[in-house]
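Please open the model in your viewer and keep the sequence panel beside it. The tour below moves from one selection to the next and says what can be found at each stop.

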Amino acid sequence: MAYEHEHETGAHPPAHAHDCGGLFGCGDEKGTGVLREDIKDGAFGKRSADRLLHMDEADQERLDDFLTARGRMRRQLLRASTFMGALAAIGPRFARLAHAADGGNPPPGAPGGNGRTHVVESTKETVRLGVFDTTLPPIVTIESGDLVSLPKTWSHFLNELQPGVPVGRLAELRTSNPGRGPHSIIGPIAVKDAEPGDVLEIRYRRLRPEPWGAVFHNPGTLGTGLLAQDFAQGQIKYIDLDLGRMEGKFAAGIAIPLTPFQGTLGVAPPDGFFPPLSPGVTSSVPPGPHGGNLDLRELAEGSVLYLPVWKPGALIYTGDSHAVQGDGEICLTALETRMEEVLIQVVLHKQKSFQWPVAETPTHWITVGLDKDLNTAMTLAARNAIDFLSSRAGLPRDDAYALCSIAASFRVTQVVDIVRGVHAMIPKSLFTGELRQRIAVV
């Protein structure tokens with residue numbers, strides 16, 4: 001169910017136009033994303049390696065056809081496998097954004113136009129289990145600058161994750177839904193005039209969790225989580241949340257500061273990056289160039305996520321509400337919860353042609369690297385950070401490499417979603433004066 005009403009959000013900042021030196025393929029069509037043997041192997045390997053993505057029975061003929069087609073596409077898409085390839089040595093030119101009173105960039109999440117607020121309820125008509133389904137008609141079509149309010153989001157396994165549900169029930173739901181991930185995914189939400197090559201700016205305006213959450217791991221036989229072999233029995237641990245103090249009561253003498261965020265928010269993925277479960281239907285488990293299940297804890301209230309558009313209308317999906325998560329998410333889950341409300345604002349930027357998501361907080365710019373191999377994910381995150389600094393700050397690439405080594409922090413985002421993640425934290429405080437004012441993602 002979706003409905004809408006007028007919502008005043010203030011003046012929209014002027015568009016930022018610049019020559020970014022080709023970062024993320026800005027202004028240039030660069031293919032549809034990374035297509036790698038190790039990603040393919042992760043999707044079609046042994047069931048113990050990817051239980052959440054593997055179907056009960058694989059149609060070998062269909063799989064062979066897919067891989068043959070994939071081989072034909074490989075040469076076209078290989079140039080994206082290192083994120084951009086080599087950047088041309090272009091001296092970037094920047095135009096300034098509208099600045100806050102202190103001379104800095106507008107804070108992420110600032111108002112951006114007189115948009116409507118569309119309310120999308122979580123119902124059996126709007127939620128799907130573990131998939132991005134592009135065959136469905138959009139729940140609603142929004143315009144650039146509009147807000148989307150998502151009240152009472154569902155937790156893992158539809159609404160089954162709540163006090164009193166035993167771990168055996170969750171294991172039963174997993175095994176009875178082969179090829180489906182655990183996420184309750186709301187979508188698709190279409191964006192008017194969004195086309196491949198555009199970028200969506202997703203501003204997290206409000207994230208309000210329910211007053212309880214749960215963290216769980218599956219029985220070891222399911223092969224999920226970093227240390228499945230060490231934990232034969234599954235467990236669910238329920239945790240009361242004190243929303244006044246923003247703390248979770250883990251145990252006597254242990255209080256966890258809460259940082260609510262959506263584990264999953266993405267758009268329809270590019271063709272060929274993941275093999276579909278069926279035409280137009282892709283697992284929500286592995287993240288990718290479309291964003292999706294990034295599990296990036298920095299995407300809290302006041303942050304911004306920039307996503308490349310791969311399909312007409314972009315088609316936004318979200319779910320997997322978290323009260324807090326540690327980097328790594330090693331047991332499989334964050335502190336899973338439902339949201340009283342998720343409020344996002346969506347701004348469309350035409351023909352920026354990013355190849356990977358970028359995030360922004362009031363204090364950092366964040367680039368990501370995603371790959372089945374954690375070392376490769378680290379390499380991609382580093383290259384993306386260097387590309388960001390060389391194009392946005394005008395640094396020589398050697399200097400950007402050095403700056404990343406001494407001032408950026410590289411963190412393991414998660415290691416439990418088939419495709420592992422690393423994110424690079426670039427402090428905004430490194431930059432001052434005019435240089436700081438002109439650095440912007442889009």
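Begin by selecting strand S6 (residues 147–151) together with S19, which pair in the antiparallel sense over five bridges. Within this pairing, Val148 stands opposite Ile344 of S19. Bear in mind from here on that the model is a predicted one.

Keep S19 selected and add strand S8 (residues 199–209), which also pairs with S19 in the antiparallel sense, here over 10 bridges; Arg206 has Leu343 of S19 as its bridge partner. If you now colour S19 (residues 339–349) by accessibility, 10 of its 11 residues turn out to be buried, so the strand is largely enclosed by the rest of the structure.

Zoom out for a moment to the whole protein chain, which has six helices and 23 strands. Of its 442 residues, 56% count as buried, and the chain exposes about 17900 Å², 52% of which is supplied by carbon and sulfur atoms. Among contacts between residues at least 6 apart in sequence, 82% join residues at least 24 apart.

Next, select Leu200, Ile202, Leu305 and Ile316, the residues that touch the most other members of the largest nonpolar core, a set of 39 residues. Strands that each supply at least two residues of this core include S5 (140–142), S13 (261–267) and S21 (364–371), as well as S6, S7, S8, S16 and S19. S19, already in view, gives the most to this core, with five residues. Centre on Ile316 and show its surroundings: leaving aside residues up to four places away in sequence, Ile316 touches, among others, Ile186, Gly187, Pro188, Leu200, Ile202, Leu265 and Val346. A second, separate core of 20 residues can be picked up through Val199, Ile386, Ala408 and Ile439, which are among its members.

Two of the residues around Ile316 deserve a stop of their own, namely Gly187 and Pro188. Which kind of peptide bond joins Gly187 and Pro188? The bond is cis, with omega at about 5°, and Pro188 itself lies in strand S7 (residues 184–191). As background, most peptide bonds are trans, and most residues other than glycine have a negative phi.

With that background in mind, move to Ala314, whose phi is near 65°, a positive value in a residue other than glycine. Ala314 sits in the loop between strand S16 (304–308) and strand S17 (316–324), and with a relative accessible area of 0% it is buried. A further case is Ile418, which has a positive phi of about 70° although it is not a glycine; Ile418 lies in the loop between S22 and S23 and, at 15% relative accessibility, counts as buried.

Asp417 is found in that loop too, between strand S22 (409–414) and strand S23 (420–427). Is Asp417 buried or exposed? Its relative accessibility is 4%, so Asp417 counts as buried. Beyond residues up to four places away in sequence, Asp417 touches Val285, Pro286, Pro287, Asn293, Asp295 and Glu329.

Now turn to the charged pairs, of which the structure holds 11 as salt bridges. Select Glu210 and Lys152, whose side chains meet at 3.6 Å, N to O; the pair links distant parts of the chain, 58 residues apart, with Glu210 in the loop between S8 and strand S9 (212–217) and Lys152 in the loop between S6 and helix H3 (167–175). Glu210 counts as buried at 9% relative accessibility, whereas Lys152 counts as partly exposed at 43%. Adding Glu340 to the selection shows a network of salt bridges that links it with Lys152 and Glu210.

Then select Asp198 and Lys350, which form a salt bridge with their closest N and O atoms 2.7 Å apart. This pair links parts of the chain 152 residues apart, Asp198 being in the loop between S7 and S8 and Lys350 in the loop between S19 and strand S20 (358–360). Asp198 is buried at 1% relative accessibility, while Lys350 is partly exposed at 43%.

Finish on the surface with Leu226, Leu227, Phe231 and Ile330, which form a nonpolar patch with about 350 Å² of accessible area together. Ile330 lies in the loop between S17 and strand S18 (335–336) and is partly exposed, with a relative accessible area of 48%.

Definitions and conventions
Residues are numbered from 1 along each chain as its sequence is written. This is a predicted model: local features need pLDDT of at least 70, side-chain atom pairs count only at pLDDT 80 or more; totals for chains, interfaces and linings use all residues. Side-chain values use heavy atoms; hydrogens and water are left out. Helices (H or I, at least four residues) and strands (E, at least two) are DSSP runs, numbered from the N terminus. Buried means under 20% relative accessible area, exposed over 50%, partly exposed in between (1.4 Å probe, protein chains only). Contact means heavy atoms within 4.5 Å. Accessible areas come from the Shrake-Rupley method with a 1.4 Å probe; for residues, only the protein chains shown count as cover. Patches are made of residues with over 30% relative accessible area and no salt bridge: like charges are joined within 9 Å, nonpolar side chains (Val, Leu, Ile, Met, Phe, Trp, Tyr) within 5 Å. A salt bridge is a side-chain nitrogen of Lys or Arg within 4 Å of a carboxyl oxygen of Asp or Glu. Two strands pair if DSSP finds at least two bridges between them. A nonpolar core is a set of buried Ala, Val, Leu, Ile, Met, Phe, Trp, Tyr and Cys residues joined through side-chain atoms within 4.5 Å.
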